[in-house]
Amino acid sequence: WQASLDGYQDGAVTVAPAEALKTLLSGETKLSRKDRLLAEAFLKLVEMAPDDAEPLFAKIVEEFPDEKEAWYGLGEARFHRTANPAKRGAALGPFEKARALDPSFSLAFYHIVDLYIDDKRYDEGIERVLDFIEQDPDNLSWYQDWARLAVAKGDDEQIDAVLDESLRRIDSRAEQRQFLLGTFKIRDFRDDKRKQKLLLRAQEIETDALEEQVLVGLGGLAVRRGDYDEAEDHYLQALKLAPHDGDALKGLFWLYDVSRDYEQAVRQARALTHGDPDFAPYGGYWAAAAIKKGDEKEIGAATSRLEQMAGDGAVLDPSMMAVGKRAVDAYFRVGDFVRAEQILQQGLSIEDPVLQGGVFNSMGWATLNLARPEEAATWFERALEAGIEPEDPIVGLIQANFARGTPADAAQHAQRLVEMHGGMSWSRARLIEVHLRAGDEANAAK
């Protein structure tokens, strides 16, 4: 589960964790009943199917009430069943139970912090975290939770105080840098000047650990302020330290995208591919850059390299999913939905439900843009059945039903968004838009 979380947070394709659990469940290893139930339940979480995971965890805690991981899993399942913060409270009890069984189990506290933030109970959350730090001062997670709450509260003086005090208490220089990088990545931390200062502070710590991540962060800030030369320098330095670093690669080609320097994008991607021909993502970036540039010769060379990497007709084999997805995304951006569909067709045999759902969803958008709305609607429904995040396929169903002349069905799908998100304003705005587009002014006004 932790490996799966790390992958999703890094934007990676997380096939390995699910495959490991499937191998465990189907192999010769003898598992206790409890371990088998836990493996089955966590497999559902890894596959992002919290609705299926919740009853499995509920069954485990009923049979094994002292199993902290089961209570934690039940909390995760309830937390991820909804995107509506107002409905996440049902996760609090299981997380608290897991923490009560093992006070050092900081993973269970992560979403408790989210719930404190959702309810704006910042001071109460900080008070609890400080208690945990006193009990377990060597656990870096508590310091990260302290920073998350301070950032969410928005008190600059308190943020500085938290950083200073945390660094004073953390002995390891590598962990000091890890803490500062974790704070930099906090979702609600949006002050670029303060983030720049934080990264420079991390860079001053005398350690080689995570140097590439500091450089990637500095590169991203440089892109946002329009200093493209500095950004490129940071990203290339990061890749020199860690040639396969996914964040450095994404950042470098994001820079070229923002600056529209597709010539340099092609040049760098080609050089990276030739320098390390067995690392598939380089070929993916080369193809994407060539498509954006519109260079037929480079497109042909990059595509040939992709197909050579993937093997005959296997560009979307799970191990090559990142390569295929990058190429599909590139074809989508330039409007070549025919070629995108051809690549996607190769991925329809993937067994992993999360990856398969992504292929179904992309097939829906490809066929919708190729004026085949009936087929598109089927693909979007299959994506939903596979258990992927529902927003994008539902929006696709709205568009497909308008395209095939069934606006009432489009309105029903828009209503699903409203119910899913507890009536949040953006979902209601989408429903209003659908009613107006269908000529139903009465329901729009309602």
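This tour moves through a predicted model, from one helix to the nonpolar cores and then to an exposed residue.

Begin by selecting helix 4, residues 50-63, whose end C-alpha atoms lie 20 Å apart, in agreement with the 20 Å that its 14 residues should span at 1.5 Å a residue. Within helix 4, colour Pro50, Ala53, Glu54, Phe57, Ile60 and Val61, which are buried. If you then look down the axis of helix 4, these buried residues fall within an arc of 135 degrees, so they line one face of the helix. An α-helix has 3.6 residues a turn, so residues three or four places apart point the same way. To see what this face meets, add helix 3 (33-46) and helix 5 (68-80), against which the buried residues of helix 4 pack.

Keep Phe57 selected and add Phe42, Tyr72, Phe109, Phe179 and Leu180: these six residues touch the most other members of the largest nonpolar core, which has 65 residues. The helix that gives the most to this core is helix 9 (residues 140-153), with nine residues. Next, centre on Phe179 and show its contacts beyond four places in sequence, which are Leu140, Tyr143, Gln144, Ala147, Val162, Leu163, Ser166, Leu167 and Ile170. For a second, separate core, of 43 residues, select some of its members, including Ala248, Tyr285, Ile291 and Val359.

Finish at Glu127, which sits in helix 8 (residues 122-135). Is this residue buried or exposed? With a relative accessible area of 54%, Glu127 is exposed, the cut-off for that term being over 50%. A distance drawn from Glu127 to Trp146, C-alpha to C-alpha, gives 9.1 Å, although 19 residues separate the pair in sequence.

Key. Residues numbered from 1 in each chain as written. Predicted model: local features only at pLDDT ≥ 70, side-chain atom pairs only at ≥ 80, totals over all residues. Heavy atoms only, no water. Helix = DSSP H or I, 4+ residues; strand = E, 2+ residues; numbered from the N terminus. Expected span 1.5 Å × (residues − 1). Buried < 20%, exposed > 50% of the residue type's maximum accessible area, 1.4 Å probe, protein only. Arc of directions from axis to C-beta. Contact = heavy atoms within 4.5 Å. Core = buried A, V, L, I, M, F, W, Y, C linked by side-chain atoms within 4.5 Å.
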